[in-house]
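Here is a short tour for anyone who likes to look at a fold with the numbers beside it. Keep the viewer open and follow along.

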Amino acid sequence: MTPTPRTSHTHHPTATTNPKVEEALEARDTLAAALSQAGITLPAMDIRTPWADDRKDDARYALVHLGVCSAPVALMLADVITKGLSG
């Protein structure tokens, strides 16, 4: 599967003021780059905090949301993980 080109992500407005949001953004982008090298793109990857957007500046933690993917992409992910475990 040929990955679709990733557009540059806009920086979250509170990323410079919240280290947890910044950490999640970096983790998301690092994972997206690794997946892209394996020929896999998850176009709905994002970050989320466990509360409404108006409180992101108070985030104690942020989560990398992987979104959804098709069955073929899920199988590709499983294959890459399995190969990595045996390699």
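What percentage of the 87 residues in the protein is buried? Buried residues make up 26% of them. Please keep in mind from the start that this is a predicted model.

**Fold and confidence**

The protein has two helices and two strands, arranged along the sequence as α-β-β-α. Helix 1 covers residues 19–37, and strand 1 covers residues 46–48. Further along come strand 2 (63–65) and helix 2 (71–86), with a loop between them.

The mean pLDDT of the protein is 79, and 72% of the residues reach at least 70. Among the elements, helix 1 has the highest mean, 94, while strand 1 has the lowest, 91. Residues 1–15 are another matter: pLDDT stays under 50 there, and the model gives this stretch 25 contacts beyond four places in sequence.

If you count contacts between residues at least 6 apart in sequence, 51% of them join residues at least 24 apart. The exposed surface of the protein comes to about 6,000 Å², with carbon and sulfur atoms supplying 59% of that area.

**A nonpolar patch**

Which residues make the nonpolar surface patch of about 200 Å²? The patch is formed by L31, V64 and L66. L31 belongs to helix 1, whereas L66 sits in the loop between strand 2 and helix 2. L31 has a relative accessible area of 33% and is partly exposed. L66 is also partly exposed, at 39% relative accessibility.

What does L66 touch, leaving aside residues up to four places away in sequence? The list is L31, L42, A44 and M45. L66 therefore touches a fellow member of the patch, L31, while being partly exposed because its relative accessibility, 39%, lies between the 20% and 50% cut-offs. There is also a spatial relation to strand 1: the C-alpha atoms of L66 and D46 are 6.6 Å apart, although 20 residues separate the two in sequence.

**Salt bridges**

How many salt bridges does a search of the whole structure find? The search finds three, and they are set out here.

| Salt bridge | N to O distance |
|---|---|
| R28 and D29 | 2.9 Å |
| R28 and D46 | 4.0 Å |
| D79 and K83 | 3.1 Å |

R28 is a good place to begin. Is R28 buried or exposed? R28 counts as buried because its relative accessibility is 4%, and the cut-off for buried is under 20%. Its partner D29 is partly exposed, with a relative accessible area of 33%. The other partner, D46, is partly exposed as well, at 34%.

The side chains of D46 and R28 meet in a salt bridge with an N to O distance of 4.0 Å. This pair links distant parts of the chain, since D46 lies in strand 1 and R28 in helix 1, 18 residues apart.

The remaining pair stays within one element: D79 and K83 both lie in helix 2, four residues apart, or about one turn of the helix. D79 is partly exposed, with a relative accessible area of 37%, and K83 counts as exposed at 54%. As for shared partners, salt bridges join R28, D29 and D46 into one network.

Technical notes. Residues numbered from 1 in each chain as written. Predicted model: local features only at pLDDT ≥ 70, side-chain atom pairs only at ≥ 80, totals over all residues. Heavy atoms only, no water. Buried < 20%, exposed > 50% of the residue type's maximum accessible area, 1.4 Å probe, protein only. Contact = heavy atoms within 4.5 Å. Areas by Shrake-Rupley, 256 points an atom, 1.4 Å probe, with all protein chains shown as cover. Patch = residues over 30% accessible without salt bridge, like charges linked within 9 Å, V, L, I, M, F, W, Y side chains within 5 Å. pLDDT = per-residue confidence, 0-100.
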